[in-house]
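The following exercises invite the reader to examine a structure step by step. Please consult the sequence and the model while working through each solution.

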Amino acid sequence: MAAEGGKAAPILEARGIHKHFGALHVLKGVDLVVAERELVFVIGPSGSGKSTLLRCCNRLETPSAGTVVVDGIDLLDRRTDINAARRRIGMVFQQFNLYPHMTAKGNVMLALRKVAGKTRAEAEEIALEALARVGLADKADAYPLELSGGQQQRVAIARAIALEPRVMLFDEPTSALDPELVGSVLSVMRSLREGGMTMVVVSHEMGFARAAADRVVFMDHGVVVEEGTPEQIFGAPREERTRAFLRQLD
Ligand code: ADP
Ligand code: MG
């Protein structure tokens, strides 16, 4: 849907987010507004609040202040059916969290049956299609322990996309993987992006950010220090804190 200036309407609109854990003020007024089909990369030092921000965007954490609207639904409104709203938000974590006693297909089918209320036959068809999209059509009957870490993470991605979310949140999806397995997961993420998925990605894969991100957001100590295109953030960062962070990655 075209809004002002020809830009797509935001799918995810988090504004003025604060989060306290006891005395710890972890997010200090963060805005994260993501347009349809946009891929936003969030980078920053460990402890800067990246995971907490993502978790606030699907209400795994409740912000202390601020608003979160996803696909027009106010996540913080008491009247909102949070489980229905969460179906629009896919989340992939560093740890894949697959059930070890269920096959790849079984893991994908579970959410379809429990969360989306699909019949077994419907769930199976959708699960097989989602596994094919992540390149695992031939692994549908494999158990997690029979799969590599990269394949397990792709099952986790299939489980999320099977629910047809409006936005996908990735929290360090490749950080637990051996280096040779990272590429297969990034290439699935790239194909999702090419398919028009709206995505927010927290990751240290700067090469992927340069190649695929529309916008890079740099966070430190609970605030957005600066944001811009990958060319601007990596090539000509304005803020000293950004420069210092990027320097110590080399
Ligand atoms: P990042 O993902 O950027 O590494 P996090 O969002 O995980 O940062 O953490 C930001 C800060 O909030 C850290 O100091 C962390 O210890 C703290 N924190 C995160 N979750 C909790 C929690 N559930 N309880 C208390 N402190 C937390
Ligand atoms: Mg984190």
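Three exercises follow, on a ligand site, a sheet and a pocket.

This is a predicted model, in which local features need pLDDT of at least 70 and side-chain atom pairs count only at pLDDT 80 or more, while totals for chains, interfaces and linings use all residues. Residues are numbered from 1 along each chain as its sequence is written, chains are lettered from A and ligands numbered from 1 in the order in which they are written, and side-chain values use heavy atoms, with hydrogens and water left out.

**Exercise 1.** Describe the surroundings of ligand 1.

*Step 1.* List the residues near the ligand (a heavy atom within 4 Å). Ligand 1 is surrounded by Phe 21, Leu 24, Val 26, Pro 45, Ser 46, Gly 47, Ser 48, Gly 49, Lys 50, Ser 51 and Thr 52.

*Step 2.* Sort this shell by class. Four of its residues are nonpolar, six polar and one charged, where Ala, Val, Leu, Ile, Met, Phe, Trp, Tyr, Cys and Pro count as nonpolar, Asp, Glu, Lys and Arg as charged, and the others, Gly among them, as polar.

*Step 3.* Find polar contacts to the ligand (pairs of N or O atoms within 3.5 Å). Oxygen atoms of ligand 1 lie 3.0 Å from a backbone N or O atom of Gly 49, 2.7 Å from a side-chain N or O atom of Lys 50, and 2.5 Å from a polar side-chain atom of Thr 52.

*Step 4.* Identify the contributing elements, which are DSSP runs: helices (H or I) of at least four residues and strands (E) of at least two, numbered from the N terminus. Strand E2 (24-35) and helix H1 (50-56) each give two or more residues to the shell, and H1 gives the most, with three.

**Exercise 2.** Determine how the strands of the open sheet are arranged.

*Step 1.* Establish the order, counting two strands as paired if DSSP finds at least two bridges between them. Four strands, with antiparallel pairing, follow the order E2-E1-E4-E5.

*Step 2.* Locate the edges. E2 and strand E5 (73-74) each pair on one side only.

*Step 3.* Inspect one pair. Nine bridges join strand E1 (residues 10-21) to E2; Ile 17 has Val 30 in E2 as its bridge partner.

**Exercise 3.** Classify the lining of the largest pocket.

*Step 1.* Define the pocket: on a 1 Å grid over the protein atoms alone, an open set of points where a 1.4 Å probe fits, with protein on both sides within 12 Å along at least five of seven lines; lining residues have an atom within 4 Å of a point.

*Step 2.* Count by class. The lining has 13 nonpolar, seven polar and four charged residues.

Terms used: A polar contact is a pair of N or O atoms within 3.5 Å; within protein, one must be able to donate a hydrogen and the other to accept it, and residues adjacent in sequence count only if both atoms are side-chain atoms.
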